[in-house]
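Thank you all for coming. I would like to walk you through one structure this morning, slowly enough that anyone who has not seen it before can follow along.

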Amino acid sequence: MSLIMHAGSHNKNVFKTLIAAEYVGVEIKMAENFQMGVSNKTPEFIKMNPIGKVPVLETPDGPIFESNAIARYVASLKPESSLLGSSLIEYGQIEQWIDFSTLELDANLRGWAMPRVGYSPYIKPAEENYISAVKRGLGALNTHLASRTFLVGDSVTLADIIMTCNLAFKFKVVLTKSFTSEFPHFERYFWTMVNQPKFSKIIGEIKQTETVPPIPSAKKPEAKPKSEPKNEAKKEKASKPKPEPEAAPEEEEAPKPKAKNPLDLLPPSPMVLDDWKRLYSNTKTNFREVAIKGFWDMYDPEGYSLWFCNYKYNDENTVSFVTMNKVGGFLQRMDLARKYAFGKMLIIGNEPPFKVKGLWLFRGTEIPKFVMDECYDMELYEWTKVDLSDEAQKERVNQMIEDFEPFEGEALLDAKCFK
């Protein structure tokens, strides 16, 4: 079956369908050379959707538009899938949460976010109403999720997919940590979803914003002075005393230059970290021969160091999503080291307790002090420097970089990359 998606690839409404396709095992091709504002104005596109909106899914039986309808169609292509529930009541509840996500959350979050990023006029009372509605919606969702991992049933459904896609962009723009911390069950749910392998493959990494964007400034046109009768103007001018010259404004103290990170002061290294990250990301086949070999060709033991880490409290890792969230949170808090580090974190085992082990590449010959000081997760792990003279340890590095399975005799529950 040939399915072609007409839309830009970086669109949360497209993500809904692409994630559903991952779960049902259906391939969806993106229309080649799609250009928003051009491709969707052509007569061919208008025949598929008379109002020219995206996305549109082209199927052998005809086109479908409206993102939720497209996602439902794809989810139904595999009837034995649980995406649409296993009973009529579950199907009804899935539809309920899809509507809730669209009407109660997405609509109000868009109303809040769009003026902040300059897509519509900012009106303070309107924003206050949107924020109030978002809090009401998140409060209801938080209560529902207090004893649940998923919105409906015991596995991912289309409701989870659509809910997560509607929220992901807003986490990057307006849903700050200080705002979402009021809803801990909702937070746990969101990070569980975006860290599911089939979600993260499509959505990518989500970095929660620290601040809400400032209100875009709107310059008011300067009012032209009213013209005065010539005689009146002359009298006014003659009667006014000459103004005293204004005192020169005090010079502001020049901002102090930002202190350089000590790692920036190290001698230059022939290894360029971004080159390695690019090679890692772009290698899709022959990983050992291309990426692993490239890594060791680049590696500079005088400018960088490799470290194994092992979580100290693996016996506590009894719930899979909690363990994955724990690792996801660690990687988020490591963002301060992104310029100086590359990491792989493995969650190991089919049954609890799950083991968490990692491999990290750091600039410098020791773990950077600012990382140890500022990322509290570091003390939760045992850190061991890789002995490059030991071939067994080098092979372990290779296996961790490529997500080799079975790893040390066990299956991988998940593998996460920091790059």
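I will take the sheets to begin with, then the helices that pack together, and then the aromatic rings. Please keep in mind throughout that this is a predicted model, so what I describe has been computed from its coordinates.

Let me begin with the sheet that includes strand E1, which covers residues 4-6. Four strands make up this open sheet, and they are arranged in the order E2-E1-E3-E4 with mixed pairing. At the edges we find strand E2, residues 29-30, and strand E4, residues 62-65, and each of these pairs on one side only. What makes the pairing mixed can be followed strand by strand: E1 and E2 pair in the parallel sense over two bridges, whereas E1 and E3 run antiparallel and are joined by three bridges. E3 and E4 also run antiparallel, with four bridges between them, and these two strands form a hairpin that has two residues between them.

If you would like residues to look for on the screen, Met5 has Met30 in E2 as its bridge partner, and His6 stands opposite Val56 in E3. Val56 in turn stands opposite Phe65 in E4, which lets you trace a path from one strand to another. Helix H3, residues 67-75, lies across E1, E3 and E4, and its direction makes an angle of about 125° with E4.

Now let us move along the chain to another sheet. How many strands does this open sheet have, and in what order do they come? There are five, in the order E8-E5-E7-E6-E9, and the pairing is antiparallel. Strand E8, residues 381-385, and strand E9, residues 412-418, stand at the edges with a single partner strand each, so one side of each has no neighbour in the sheet. From one strand to the next, the twist averages 15°. Within this sheet, strand E6, residues 341-348, and strand E7, residues 355-363, pair in the antiparallel sense over eight bridges, and you can find Ile347 standing opposite Val356 in E7. As a general point for anyone looking at strands like these, side chains in a regular strand alternate between the two faces of the sheet.

Two helices lie across this sheet. Helix H11, residues 273-282, lies across E5, E6, E7 and E9 and runs at about 40° to E6, while helix H13, residues 320-333, lies across E5, E6, E7, E8 and E9 and runs at about 10° to E9.

That brings me to helices packing against helices. In general, two packed helices are described by the angle between their axes and the distance between the axes.

I will start with helix H4, residues 88-116, and helix H6, residues 158-173, whose axes come within 9 Å and cross at roughly 10°. An angle under 35 degrees counts as roughly parallel, and H4 and H6 are therefore described as roughly parallel to each other. The residues of H4 in this contact include Trp97, Phe100 and Leu105, and those of H6 include Ile162, Met163 and Phe169. By class, the contact of H4 with H6 divides into 15 nonpolar, three polar and three charged residues.

Next, helix H5, residues 124-144, meets helix H8, residues 184-194, with axes that come within 7 Å and cross at roughly 80°, which makes H5 roughly perpendicular to H8. Leu138, Leu141 and Asn142 of H5 make this contact with Pro184, His185 and Phe186 of H8; the residues divide into four nonpolar, two polar and no charged.

Then there is helix H12, residues 287-298, which packs against helix H15, residues 391-401, at an angle of about 120°, with the axes 11 Å apart. That angle makes H12 oblique to H15, and H12 passes H15 in a right-handed crossing. Among the residues that meet here are Phe295 and Trp296 in H12 and Val397 and Ile401 in H15, and by class the contact has six nonpolar, two polar and three charged residues.

Finally, the aromatic rings, where the count comes to 26 aromatic pairs. In one of them, the rings of Phe171 and Trp191 have their centres 5.6 Å apart and their planes at 80°, so this pair is edge-to-face. Phe171 belongs to helix H6 and Trp191 to helix H8, and the pair links distant parts of the chain, 20 residues apart.

Note on methods: Residues are numbered from 1 along each chain as its sequence is written. This is a predicted model: local features need pLDDT of at least 70, side-chain atom pairs count only at pLDDT 80 or more; totals for chains, interfaces and linings use all residues. Side-chain values use heavy atoms; hydrogens and water are left out. Axes are lines fitted to C-alpha atoms, for helices over the stretch in contact, and angles run from 0 to 180 degrees between N-to-C directions. Angles under 35 degrees count as roughly parallel, over 145 as roughly antiparallel, 65 to 115 as roughly perpendicular and the rest as oblique. A crossing is left-handed if the near helix is turned anticlockwise from the far one by less than a right angle, and right-handed if clockwise. Contact means heavy atoms within 4.5 Å. Ala, Val, Leu, Ile, Met, Phe, Trp, Tyr, Cys and Pro count as nonpolar, Asp, Glu, Lys and Arg as charged, and the others, Gly among them, as polar. Two strands pair if DSSP finds at least two bridges between them. Rings of Phe, Tyr and Trp (its six-membered ring) pair if their centres lie within 6.5 Å; planes under 30 degrees apart count as stacked, over 60 as edge-to-face and the rest as tilted.
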